[in-house]
Amino acid sequence: MIPGGGQPNMQQLLQQAQKMQQDLAAAQEELARTPVEGSSGGGLVKATVTGAGELQALAIDPKAVDPEDTETLADLILAAVRDANNAAQQLQQQKLGPLAQGLGGGSGIPGLPF
């Protein structure tokens, strides 16, 4: 219901929608440029992903490398990447969450990860 019983101003609604779309695109672009780090094994393995979740770098301390035990190294790598991706998801919530609220919710918007 519109206060005063008037019709919604379609031009104003379109302008608001365009601004929200621009804000969302800017936030997504910023996420794609923002590095986020995760680690495991007390820092023996570090993974860097973008705020959008793209793996950018992986650093492995030589102390983590045991040719007799590659399984542990693989587990450390997976844990570091998961840690970095969790940090990226938190960053997405911070950057995109308020925009989703402006769109009328959050969890009900198709195509958004939250």
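**Close-up views of a predicted three-strand, two-helix chain**

**View 1. The sheet is open and has three strands in the order E1-E2-E3, with antiparallel pairing.** E1 and E3 are the edge strands, each of them pairing on one side only. Direction ignored, neighbouring strands of this sheet are turned by 15° against each other on average. The model is predicted, and strand E3 (residues 55–60) has the highest mean pLDDT among the elements of the chain, 95.

**View 2. The whole chain follows the pattern α-β-β-β-α along the sequence.** It contains two helices and three strands. Of the 114 residues, 25% are buried. The accessible surface of the chain is about 7,800 Å², and carbon and sulfur atoms account for 52% of this surface. When contacts between residues at least 6 apart in sequence are considered, 44% join residues at least 24 apart.

**View 3. The hairpin of E1 and E2 has four residues between its strands.** Strand E1 (residues 35–40) and strand E2 (residues 45–50) pair in the antiparallel sense over six bridges. Along this pairing, Val36 stands opposite Val49, and Ser39 stands opposite Lys46. In the hairpin, Gly41 takes a positive phi near 60°.

**View 4. Strand E1 has a covered face and an uncovered face.** Val36, Gly38 and Ser40 make up the covered face. The uncovered face consists of Pro35, Glu37 and Ser39. In a regular strand, side chains alternate between the two faces of the sheet.

**View 5. Ser40, in strand E1, is a buried residue.** Ser40 counts as buried because its relative accessible area is 9%, below the 20% limit. Leaving out residues up to four places away in sequence, Ser40 touches Val45, Leu76, Ala79 and Ala80. Val45 also belongs to the largest nonpolar core.

**View 6. The largest nonpolar core has 16 residues.** Val45, Ala47, Val49, Ala64 and Leu96 touch the most other members. H1, E2 and helix H2 (70–102) each supply at least two residues of this core. H2 gives the largest share, eight residues.

**View 7. Val49 is among the core residues that touch the most other members.** Residues up to four places away in sequence are not counted in the contacts of Val49. Its contacts include Thr34, Pro35 and Val36. Val49 also touches Glu54, Leu55 and Gln56. Ala84, Asn85 and Ala88 complete the list. Of these residues, Val36 is the one standing opposite Val49 in the pairing of E1 and E2.

**View 8. Confidence varies along the chain, with an average pLDDT of 83.** A pLDDT of at least 70 is reached by 79% of the residues. Among the elements, helix H1 (residues 10–33) has the lowest mean pLDDT, 85. Over residues 105–109 the pLDDT is below 50. Beyond near neighbours in sequence, this stretch has six contacts in the model.

Technical notes: Residues are numbered from 1 along each chain as its sequence is written. This is a predicted model: local features need pLDDT of at least 70, side-chain atom pairs count only at pLDDT 80 or more; totals for chains, interfaces and linings use all residues. Side-chain values use heavy atoms; hydrogens and water are left out. pLDDT is the predictor's confidence in each residue, from 0 to 100. Contact means heavy atoms within 4.5 Å. Buried means under 20% relative accessible area, exposed over 50%, partly exposed in between (1.4 Å probe, protein chains only). Two strands pair if DSSP finds at least two bridges between them. A nonpolar core is a set of buried Ala, Val, Leu, Ile, Met, Phe, Trp, Tyr and Cys residues joined through side-chain atoms within 4.5 Å. Axes are lines fitted to C-alpha atoms, for helices over the stretch in contact, and angles run from 0 to 180 degrees between N-to-C directions. Accessible areas come from the Shrake-Rupley method with a 1.4 Å probe; for residues, only the protein chains shown count as cover.
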